[in-house]
Amino acid sequence: MLTVDNLSVYYGAIRALHQVSCRVDQGEIVALIGANGAGKTTILTTISGIVSSSTGSIAFEGEDITRMPAHQIVTKGISQVPEGRRVFARMSVQENLEMGGFILSNKQEIKQGIERAFTLFPRLAERRKQAARTLSGGEQQMLAMGRALMSNPRLLLLDEPSMGLAPMLVEKIFEIIVEINKTGTTIMLVEQNASMALSIAHRAYVLETGEVVLSGSASDLASNPEVRKAYLGE
Amino acid sequence: MFLQQLINGIALGSTYALIALGYTMVYGIITLINFAHGEIFMVGAFVGLLLVSVLKLNIFLAMAGSMAFCMIMGVVIEFIAYRPLRKSSRLSALISAIGVSIFLSSLAMMVFGANAKGFPSEAFPARQLHIGNADISTLQLLIIGVSALLMLALEFIVQKTKIGKAMRATSEDYNTAALMGINVNFVISFTFALGSALAAAGGVLVGLLFNSVSFNMGLMAGLKAFAAAVLGGIGSIPGAMLGGLLLGVAEVFGVAIGYSSYRDAIAFAILVLVLLVRPTGLLGRKILKKV
């Protein structure tokens, strides 16, 4: 479904990614794990077209999207929940969801999308008219996810969904991620919380200083002694 | 006397507000002080004047024509002078804006000459109305009415329409707006178009009010409107409206109580005061550094 091939990205003179290759197949949950600064977020922002790569290519469903502007990539069926949630703080919950459905032209479709988000996250329905900045961290995460789902993506990119959330809430968010995946949305997940990520992912890639150092099925990686030592705190 | 001056102040202040809106909207989206904005206002006044005196259009059609012309001009200026510098330092874009400003006022001087021109008296035959002991000109009512209407229209666009919501989203978070599928370049062009249209309307109204249109009228009006935008809180649309009105009223009352030689200083004294006491302005928000 998504093929990233030999991707290198520089921020000025600083190398953020070095010849990263990875792929996501239809229906999967794929996790990218690694320490802070390993380049996980850069992979997602490059796929989404926010950051441009210096070499390498990204193909989605057979189409080259390497140089496509961010707003067109959304129309191809890729949507992102950015790191730190990035809800539109001064806009209401409803308006945030409407923005998520910006590419939809049919009003009915937008309405259905909002209803679906409210079914998935009933807390948001209660806060529909509130400005997003008044929401708690967990609610903002729900809003960011609901917003990303508005465009009916076939591939959902999630960047650190557990960041700054209480453990109970993290469990809840991950349950919802699995639920979203079961309804047919493919998921690529970036996480520092490696044990949570590996517990729901089918496959995973381990990144270190901008390079893929390990990859395999999530269960294999979870039992790999090096991974256990470096990322699972053993 | 008080009512009289208040109306004078509101009429003048509405024109400041119209111009201030362009500063504040552009700043809200790309954090650039568009120093060419005053010159767009000036060009708007000239285009309105030409449409009235050469094509003999009525004042409302002339204003609409001038707004349309300046919309296109604003979009073109952004495309040529600011877009290529989007990823450079803020200072480069600011210098580019000053360049555009000088270019436009010099061009206007070459084309229209250095002398001020006036609207023909039949453009808007103003009458004086006596309300109580105040003398109010129908021209002032026109200015207040048109400004109010345009600001209501703007408020509707920004709050209720899809493109207006996209403007707000883009001004909050440029990259995340792009992740929603919003074409931020289009949103920026649209913002310039809106701001320039308001400035053009302001230009025609000010041209009528002082019966004077000149190549350098954009400089002072632009600076005062900028002060108004800062007073209201740069980036805030209601702030620009409020700031413009307050500044106009302050200026008129300052003149009325005998400080007429300080007419232009009043706006800048307020600007300095705001920057010292409340840099975020009356309705501005603290800008949180994004990490």
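In chain B of this predicted model, helix α8(B) is followed by B:N211, a residue with a positive phi, near 45°. The helix that leads up to this point covers residues 184–210. Its 27 residues reach 39 Å from the first C-alpha to the last, close to the 39 Å expected at 1.5 Å a residue. Most of α8(B) is covered, with 22 of its 27 residues buried.

Stepping back from this helix, chain B as a whole contains eleven helices and two strands. Read from the N terminus, the order of the elements is α-α-α-α-β-β-α-α-α-α-α-α-α. The radius of gyration of chain B is 19 Å, close to the 19 Å given by the globule rule for 291 residues, so the chain is as compact as a globular protein of that length. Its C-alpha trace spans about 60 × 45 × 35 Å along the principal axes. Buried residues account for 50% of the 291 residues in chain B. Among contacts in chain B with a separation of 6 or more, 76% join residues that are 24 or more positions apart.

Chain B also meets a partner: 14 of its residues are in contact with 20 residues of chain A. On the side of chain A that touches chain B, α2 (70–76) and α3 (93–100) of chain A each supply at least two residues. By class, this side of chain A has ten nonpolar residues, together with six polar and four charged ones.

Notes: Residues numbered from 1 in each chain as written. Chains lettered and ligands numbered in written order. Predicted model: local features only at pLDDT ≥ 70, side-chain atom pairs only at ≥ 80, totals over all residues. Helix = DSSP H or I, 4+ residues; strand = E, 2+ residues; numbered from the N terminus. Rg over C-alpha atoms; globule rule 2.2 N^0.38 Å. Buried ≥ 20, exposed ≤ 12 C-beta atoms within 10 Å, placed from the backbone. Contact = placed C-beta atoms within 7 Å. Expected span 1.5 Å × (residues − 1). Nonpolar A, V, L, I, M, F, W, Y, C, P; charged D, E, K, R; others polar.
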